[in-house]
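Hi everyone, thanks for making room for me today. I have one structure to walk through with you, so let me put it up on the screen.

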Amino acid sequence: MSSEFEISRSITIGQYVPTGSFIHRLDPRIKLLVFVILVVAIAFNTSYFGNAIGLVLSLYLFWASKIPISYGLSGVKPAIPFIVILAVLQLLFQGQLFSDGRVYVDYGFVLITSESIRLVVVSAVRFIEIIFLSSVLTLSTSTTELTHSIQSLLSPLKKIKFPVHEISLITTIAIRFVPTFAIEMEKMMKAQASRGADFGTGGWWRIVQRTKEMFPIIIPLFNIALSRAEDLILAMESRCYTPGGERSSYSVYKAIAKDYLVLLVGLFFSLLLLFYPFPF
Amino acid sequence: MEPIIRLENVSFSYKINEKTKVSVLKNISFSIFPGEYVAIIGHNGSGKSTLSKHLNGILTPDSGDVWVHGHNTKDVNKKRSIRQAVGTVFQHPDNQIVATIVEEDVAFGLENIGVPREEMKKRVDEALNVVKMSPFRHRPPHHLSGGQKQRVAIAGVLAMKPDCIVFDEATSMLDSFGRKEVLQVMRKMNNMGMTIITVTHHMSEAAEADRIIVIEGGQIVMDGPPREIFKHKLELENLQLEVPSVSQMAEVIHSQFNTFSKDIIQENEFIEEVEKFHKEEVGT
Ligand SMILES: Nc1ncnc2c1ncn2[C@@H]1O[C@H](COP(=O)(O)OP(=O)(O)OP(=O)(O)O)[C@@H](O)[C@H]1O
Ligand SMILES: [Mg+2]
């Protein structure tokens, strides 16, 4: 009964699981870079074989980072309704665009072919692979390391006056306040529930109902967020923060041989997924 | 001696809109000297937070001046050195931590003033040591208790090597244990020579200070050592303030046994007096 209020526990973003594995100790910038190229490669691969490789690879990464696969699965679970809806829509409406291959069903506007089935299966698997990969990334990399990596990977953009530091600061603060707001939200849900509001009695698949239940929470949450932001600005200014000012940096990273090796392996897999003509 | 902070006829009002203004500070003047431990008390809405925001130039007076080390807070070029000299710890432990890791947060201010990396590491270590948070340096802040978060916030200010730290009700969100932790740190820093200004609703906390400033309706109504201030029980009550609970207890006992001193403002004094009283009673 109490579980529907415990949001702060089920939030996996920013939930670093320190197992001290090989993956954890990689240079976070390299890790992020490899993540990005792998995700791009997976996003473009449409073959069964290629996605099987991607799935095995992402499972392997869980094993290598010594993080229980249940973390990955708990990330997939909330996405299931979307995956299912997407699959149904694709199955019903995308057939005309992918009319190659064997035709299984041809009824009115519904056309189901071996190609459209491939699209459905591959999209679903792709989704899961990407969730797995991002879980490994966020579970094995502290949020600080992540934001620093984003900052340093984007830093060439400083030349064209792109506010790299500001973006990374905003990300840091956003991540920093996720657990705070989760706790705040829990408190409010409990307060509303004790006045008779109804949360989480519908199953997780009843998206509309569950969204509606959230309205009385979201508006006060905005209020709290704004007043917290005001306080935070005050505290930052008191600590000499000047937007756009020159700053020094507390953490620095140094890539060593094994990091470059991982980058090479990541590149190899990405190129394989992108360009190798898989037989099926 | 040169004061660290000097206020001269400071008046300030918040603008609600074009026509309405709320006048909050009215012609306030006082000085804070190096090494002092000052408590500012006053009931809700008397203008304490507004006053403390004037001490590092977050707000500037409508009329009158605030001087920090001889620099006017209205001088924008001196903003950085003023804020570095006078640090502030705020009420909500959660709303003043910026980074996702304790040590990074302590370094935030140092990054802002461009301290080189090696120096930064040293200062972060020292500051975390003073507040006894070194074992937690790699933790995310949401895994800390309120008192611990507040000590991290103090470390962040301390690392900037300020001359003075302002605490605006920094203990009011904490339980009595967390409050003790923070008070100990304040006392320790004051013993190390740091000037401390603390805004508080807890009279037992104010009794710890060397000097109390009482604010009412944006004006200073009393200013003196705690022992003097707490003698004016009736005046304080008229200002919706009270004397520390140990003083109240001492007075009750004094009315029954007049050998028991009523001039008591701190817990340890009270305990000593009880011990003394007990010995005398048993002795006779
Ligand atoms: N940003 C603001 N805009 C308008 N009025 C304000 C603002 N902040 C404070 N005030 C008003 O100024 C007065 C003094 O507020 P201040 O916060 O300085 O009091 P305080 O002594 O710190 O009170 P508390 O003990 O509750 O913290 C109050 O009447 C308050 O309503
Ligand atoms: Mg206040």
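I'll go from the fold of one chain to the interface, and finish at the ligand.

Before anything else, please keep in mind that this is a predicted model.

Let's begin with chain A. Its secondary structure amounts to ten helices and two strands. If you follow the sequence, the order is α-α-α-α-α-β-β-α-α-α-α-α, so to speak a pair of β symbols with α on either side. For a sense of scale, the C-alpha trace of chain A spans about 70 × 60 × 40 Å along its principal axes.

While we're on chain A, have a look at helix α8, residues 164-194. Which two side chains meet there in a salt bridge at 3.9 Å, N to O? They belong to Glu184(A) and Lys187(A). In general, side chains of opposite charge can pair when their charged atoms come close. Here the spacing along the helix is part of the story: because Glu184(A) and Lys187(A) are three residues apart in α8 of chain A, about one helical turn separates them. Over all chains, the count of salt bridges comes to 24.

Now to the interface between the two chains. On one side, 39 residues of chain B are in contact, and on the other, 30 residues of chain A. Together the chains bury about 3100 Å², with 54% of that on carbon and sulfur atoms.

How many salt bridges are there between chain B and chain A? The count is three. One to zoom in on is Glu111(B) with Arg247(A), where the closest N and O atoms are 3.2 Å apart. Polar contacts across this interface come to 17 residue pairs, counting those with both residues at pLDDT 80 or more.

And which helices of chain B take part? α2 (79-85), α3 (102-112) and α4 (117-130) each supply at least two residues of the side that touches chain A. The most comes from α3(B), which gives ten residues. By class, that side of chain B divides into 16 nonpolar, twelve polar and eleven charged residues.

Last stop, ligand 1. There are 13 residues around it, and the ones that come nearest are Gly45(B), Lys48(B), Ser49(B), Thr50(B) and His201(B). Helix α1 of chain B, residues 48-54, provides the largest share of this shell, with three residues. Sorted by class, the shell holds three nonpolar, eight polar and two charged residues.

Some of the distances involve backbone atoms. An oxygen atom of ligand 1 is 2.8 Å from a polar backbone atom of Gly45(B). For Ser46(B), the distance from a ligand oxygen atom to a polar backbone atom is 3.2 Å, and for Gly47(B) it is 3.0 Å. As for how covered the ligand is, ligand 1 on its own has 630 Å² of accessible area, and the protein covers 60% of it.

That's my tour, and I'm happy to rotate the view for anyone who wants another look.

Key: Residues are numbered from 1 along each chain as its sequence is written. Chains are lettered from A and ligands numbered from 1 in the order in which they are written. Side-chain values use heavy atoms; hydrogens and water are left out. A residue is near a molecule or strand if one of its heavy atoms lies within 4 Å of it. A polar contact is a pair of N or O atoms within 3.5 Å; within protein, one must be able to donate a hydrogen and the other to accept it, and residues adjacent in sequence count only if both atoms are side-chain atoms. Accessible areas come from the Shrake-Rupley method with a 1.4 Å probe; for residues, only the protein chains shown count as cover. Helices (H or I, at least four residues) and strands (E, at least two) are DSSP runs, numbered from the N terminus. Ala, Val, Leu, Ile, Met, Phe, Trp, Tyr, Cys and Pro count as nonpolar, Asp, Glu, Lys and Arg as charged, and the others, Gly among them, as polar. Contact means heavy atoms within 4.5 Å. Buried area is the accessible area (1.4 Å probe) that two parts lose on being put together, summed over both. A salt bridge is a side-chain nitrogen of Lys or Arg within 4 Å of a carboxyl oxygen of Asp or Glu.
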